[in-house]
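Let's walk through this protein together, starting with its overall make-up and then moving to its sheets and a few single residues. Have the chain open in your viewer and follow along.

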Amino acid sequence: NTRDLLWYPRRPYRLRGVRLPDRPAPDLVAWRGIVEDLEAEESWVVRELWSPGTWLRGPVVWTESFQDCDAPSFAVRWSEPRLVGDDGEVYEVGEMAVDYQRREAGGCDNTDSSVDGVGWVQRTNVPRRRRPGSRLAPGPG
């Protein structure tokens with residue numbers, strides 16, 4: 001379920017999940033994941049999911065890295081997360097819960113999550129300060 005997208009450092013992207021109007025089957029709803037390059041004004045469909053139910057509960061974002069745990073550190077920032085209801089009402093995300101993939105499952109135990117003045121940051125190859133289950137709210141971190 002990964003995609004080989006060319007990501008540029010310090011360039012803003014938007015990840016959107018949208019419910020499609022047509023149902024693939026009577027008991028399923030189709031959802032489309034889209035990545036938008038806000039600078040180049042291009043977008044890519046990264047995946048379509050079919051699932052029961054008509055709404056999303058507990059959306060998740062993550063950084064997927066296929067490098068060794070001791071590779072040079074890099075960071076990914078998630079900012080301005082929001083949900084938009086069917087009626088167009090916007091719901092801002094006030095905090096996020098931290099979790100990490102265990103080393104025995106392929107994760108690294110030197111990844112950390114934090115907040116800064118812009119958003120939530122996931123950084124590789126640094127001492128871990130935030131434990132799984134920690135909750136982070138935006139602001140100075």
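Two strands count as paired if DSSP finds at least two bridges between them. With that in hand, look at Leu 15, which stands opposite Val 35 in β2. Keep in mind throughout that this is a predicted model.

Let's step back to the whole chain for a moment. The protein chain has ten strands and zero helices, so by the DSSP runs used here, the elements are strands from one end to the other. The C-alpha atoms fill a box of roughly 50 × 35 × 30 Å along the principal axes. Of the 141 residues, 26% are buried. The accessible surface comes to about 10700 Å², and carbon and sulfur atoms account for 50% of that. If you like to think about charge, there are 20 positive and 23 negative charges, and their mean positions lie 4 Å apart. Finally, take the contacts between residues at least 6 apart in sequence: 45% of these join residues at least 24 apart.

Now back to the sheet that holds Leu 15 and its partner. As a general reminder, strands of a sheet pair through backbone hydrogen bonds, either parallel or antiparallel. Which order do the strands take in this open sheet of three? The order is β1-β2-β3, and the pairing is antiparallel. At the edges are β1 (13–19) and β3 (42–51), each of which pairs on one side only. Neighbouring strands here are turned by 20° against each other on average, direction ignored. Between β1 and β2, seven bridges make the antiparallel connection.

Strand β2, residues 29–37, also carries Arg 32. Is Arg 32 buried or exposed? The answer falls in between: its relative accessibility is 27%, so Arg 32 counts as partly exposed. Leaving out residues up to four places away in sequence, Arg 32 touches Arg 16, Gly 17, Val 18, Leu 20, Val 45, Arg 47 and Glu 48. Another arginine to look for is Arg 19, which is 13 residues from Arg 32 in sequence and 6.4 Å from it in space, C-alpha to C-alpha.

Next, turn to another open sheet. Three strands form it in the order β4-β9-β8, with antiparallel pairing. Why is one side of β4 and of β8 left without a neighbour in the sheet? Both β4 (75–78) and β8 (112–115) stand at the edges with a single partner strand each, so one side of each has no neighbour there. The twist from one strand to the next averages 20°. Strand β4 is joined to β9, residues 120–123, by four bridges, and the two run antiparallel. One facing pair to find is Arg 77, which stands opposite Val 121 in β9.

Strand β9 also contains Arg 123. With a relative accessibility of 38%, Arg 123 counts as partly exposed. Its contacts, not counting residues up to four places away in sequence, are Ser 73, Phe 74, Ala 75, Asn 110, Thr 111 and Asp 112. Arg 123 and Thr 63 are 60 residues apart in sequence, with 9.1 Å between their C-alpha atoms.

One of those contacts deserves a visit of its own. Where does Asn 110 sit? Asn 110 is in the loop between β7 (96–97) and β8. Its relative accessibility is 16%, and buried means under 20%, so Asn 110 counts as buried. Again setting aside residues up to four places away in sequence, Asn 110 touches Cys 69, Arg 123, Thr 124, Asn 125, Val 126 and Arg 128.

To finish, check the backbone at two other positions. Arg 10 lies in the segment before β1, and its phi is near 60°, a positive value in a residue other than glycine. Arg 10 is exposed, with a relative accessible area of 85%. Glu 80 is in the loop between β4 and β5 (82–84). The phi of Glu 80 is near 55°, again positive in a residue other than glycine. With 57% relative accessibility, Glu 80 counts as exposed.

How values were computed:
Residues numbered from 1 in each chain as written. Predicted model: local features only at pLDDT ≥ 70, side-chain atom pairs only at ≥ 80, totals over all residues. Heavy atoms only, no water. Buried < 20%, exposed > 50% of the residue type's maximum accessible area, 1.4 Å probe, protein only. Contact = heavy atoms within 4.5 Å. Areas by Shrake-Rupley, 256 points an atom, 1.4 Å probe, with all protein chains shown as cover. Lys, Arg positive; Asp, Glu negative; His and termini not counted. Charge placed at Lys NZ, Arg CZ, Asp CG, Glu CD. Axes fitted to C-alpha atoms, helices over the stretch in contact; angles between N-to-C directions.
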